[in-house]
Protein chains: 2
Amino acid sequence: MERDIGIETGRLLAVGSVAFDSVETPAGSRQKALGGSAAYFSIAASYLADVSLVGIVGQDFGDAHVETLRSRGVDLSGLERADGETFHWSGVYSTEDVNQRETLDTRLNVFADFRPVLSEAHRRSEYLFLANIDPELQLDVLRQMRERPKVVALDSMNFWIEGKRAELDRVVREVDMFFVDEGEARSCAGEANLARAARRIQAMGPRVVVVKRGEHGATVFDGDEVFAAPALPLESVADPTGAGDSFAGGFMGAIASTGDVSNDGLRRAAAVGCVFGSFTVEDFSVDRLSSLTREEIEARFQEFTELTRLEPFEGGAALPLTELT
Amino acid sequence: MERDIGIETGRLLAVGSVAFDSVETPAGSRQKALGGSAAYFSIAASYLADVSLVGIVGQDFGDAHVETLRSRGVDLSGLERADGETFHWSGVYSTEDVNQRETLDTRLNVFADFRPVLSEAHRRSEYLFLANIDPELQLDVLRQMRERPKVVALDSMNFWIEGKRAELDRVVREVDMFFVDEGEARSCAGEANLARAARRIQAMGPRVVVVKRGEHGATVFDGDEVFAAPALPLESVADPTGAGDSFAGGFMGAIASTGDVSNDGLRRAAAVGCVFGSFTVEDFSVDRLSSLTREEIEARFQEFTELTRLEPFEGGAALPLTELT
């Protein structure tokens, strides 16, 4: 189904890491495969919107990786190639619980000196995703925009929550949506109860707090509304790396594609996010994510909607309660 | 809304523990409060069906506790009062994560000698819930039934999965529904992937495997269908004890009330289960669970349906995908 003529997809800008990931999971291992939050995000979003990626790689970033991104239509004019090596993360996932991982090594390499400078075209993007980087850089990117984008979304991590809290708070104050995992939400809010933690983060600025819960899905807190998006129950999980970033990419891709930031629109965006997150974990790196067909995406989305389908009780009663009550 | 005249609620029999719980949670502590899986189950189910409880208590089980159960209309003709003390469990919940708990002490007391003998009326129950007790006793109860009940549901725990596996397998083979938590599902199936674990348990006998995931809700595996029921995002959790049993009580209560074991019926039953689980954790022991009004239950059910409500994308497209795909 083609998009209606006359409706133009909003331009979506993603600023963040492009990396090599070396992972070992119960399903196998992979050395220096394409990774990084902005890479996963951009590829997922590319199925729904026009995406530009601003990031940095080293001289060792091969043509095949560039081609993977380019073949998905990702605008790479903002992908800087610096002297040195590409950001390299290594980790191992538990055999008992593939959702538990241990970082073996993090080599920032050229990413340590990443200072994003946006082109004139990128400064006019309508939708902005600030992937997990130093909050000072995130704020700097936001300052470079010519106009306030229609939607600014943010990701971060405990490293910044603990290490650059004041700077992070300044960014959080200015964004519309904040993607956090459960632990980050708790530590950011200083509150163990997740619902209360989300409310506190909303009070810091963002209208929307999206809590990523890995194999349990995601919960979208939007004003007083809550949407619980379950993860698809996959029988085969090869490599969970990038699931959260792919989720965010699908989510923001749907927002940029429709321009719909109503609560119903956010619910649909979260559903799309779950779909792309589910594809990512089915293979290593972006192998599955980067080669999807329309039919596969639509079938998976259908599967998602089936997962929570709930019809009313028969007979018109809200609930089949006894007369005792 | 009253139940239609002429439709008779199926009789639901619960066999399991009635106990004293002493708990310490971030919200406070409680000594020797009413607990036990069959108690939580029966009280939750009592809002939907005619429930009979078969269990054992000691001489120290006070009239107030009896009255709590009786006031909910639970048939206590099968509640044996033995010489000795009532089963007493003590535990402490983590302040960082209220879902983590540590058992301080388990005193089986009179429960150690529990040998359920069903009355003639109880042997004719149409719906049977075998709460977590020794699988040999569970099988014995099943053998006492005059006819195979319409639905037999089972709960168990790692203690039996590891300690009496052959006996447990014999019961599992004969039941329609098996309630397990995530760790139990993995250990029972010898499979880390939850979806595959559920499939393996289904292959052992039960048509339905209900995986209880605590604060993440529950997942119902019914044949090839999967229903993901999220937990309600509660801002106040006083005491998680009994949440799973209350979930099972609401679930089986809905089944017994409607007689509907279609996939749609199971989805609704799981939703009802989540509603009762959510009430239980809002206060200590059965304090909240045992004093609900019709209005509170219906409002919470409405909240649950809102939690996963998902409307189609506008414009008729299944998904707002780009033309690239």
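Me: Two strands count as paired if DSSP finds at least two bridges between them. In this predicted model, how many bridges join strand 2 of chain B to strand 3 of chain B?
Reply: Strand 2 covers residues 19-25 of chain B and strand 3 covers residues 28-35, and the two run antiparallel. A hairpin of 2 residues connects these strands, and B:A19 stands opposite B:G35 in strand 3 of chain B. Since pairing requires at least two bridges, the criterion is met here, where the number of bridges between strand 2 and strand 3 of chain B is 6.

Me: Which strands stand at the edges of the open sheet of chain B?
Reply: The open sheet has 9 strands with mixed pairing, in the order 5-4-1-8-9-10-11-12-13. Each edge strand has a single partner strand, so one side of it is left without a neighbour in the sheet. Neighbouring strands of this sheet are turned against each other, direction ignored, by 15 degrees on average. The strands at the edges, at residues 75-81 and 225-229 of chain B, are strand 5 and strand 13.

Me: Within that sheet, do strand 1 and strand 8 of chain B pair in the parallel or the antiparallel sense?
Reply: Strands of a sheet pair through backbone hydrogen bonds, either parallel or antiparallel. Strand 1 (residues 11-15) and strand 8 (residues 127-130) of chain B are joined over 4 bridges, and B:L12 has B:Y127 in strand 8 as its bridge partner. The sense of this pairing is parallel.

Me: Are helix 1 and helix 9 of chain B oblique or parallel to each other?
Reply: Two packed helices are described by the angle between their axes and the distance between the axes. For helix 1 (residues 37-45) and helix 9 (residues 243-258) of chain B, the axes come within 7 Å and cross at roughly 40 degrees. Angles under 35 degrees would count as roughly parallel, and helix 1 and helix 9 of chain B are therefore oblique.

Me: How many charged residues does the contact of helix 1 with helix 9 of chain B have?
Reply: Helix 1 of chain B contributes B:S37, B:Y40, B:F41, B:S42, B:I43, B:A44 and B:A45, which meet B:D245, B:S246, B:A248, B:G249, B:G250, B:M252 and B:G253 in helix 9 of chain B. By class, the contact has 7 nonpolar and 6 polar residues, and the number of charged residues is 1.

Me: What kind of axis relates chain B to chain A?
Reply: Chain B is superposed on chain A by a rotation of 180 degrees with 0.0 Å of shift along its axis, at an RMSD of 0.0 Å. The same surface serves both copies, as 100% of the contact residues of chain B recur in chain A. The two copies are thus related as by a two-fold rotation axis.

Conventions
Residues are numbered from 1 along each chain as its sequence is written. Chains are lettered from A and ligands numbered from 1 in the order in which they are written. This is a predicted model: local features need pLDDT of at least 70, side-chain atom pairs count only at pLDDT 80 or more; totals for chains, interfaces and linings use all residues. Axes are lines fitted to C-alpha atoms, for helices over the stretch in contact, and angles run from 0 to 180 degrees between N-to-C directions. Angles under 35 degrees count as roughly parallel, over 145 as roughly antiparallel, 65 to 115 as roughly perpendicular and the rest as oblique. Two residues are in contact if their C-beta atoms, placed from the backbone, lie within 7 Å. Ala, Val, Leu, Ile, Met, Phe, Trp, Tyr, Cys and Pro count as nonpolar, Asp, Glu, Lys and Arg as charged, and the others, Gly among them, as polar. Copies are superposed by least squares on the C-alpha atoms of residues with pLDDT of at least 70 in both.
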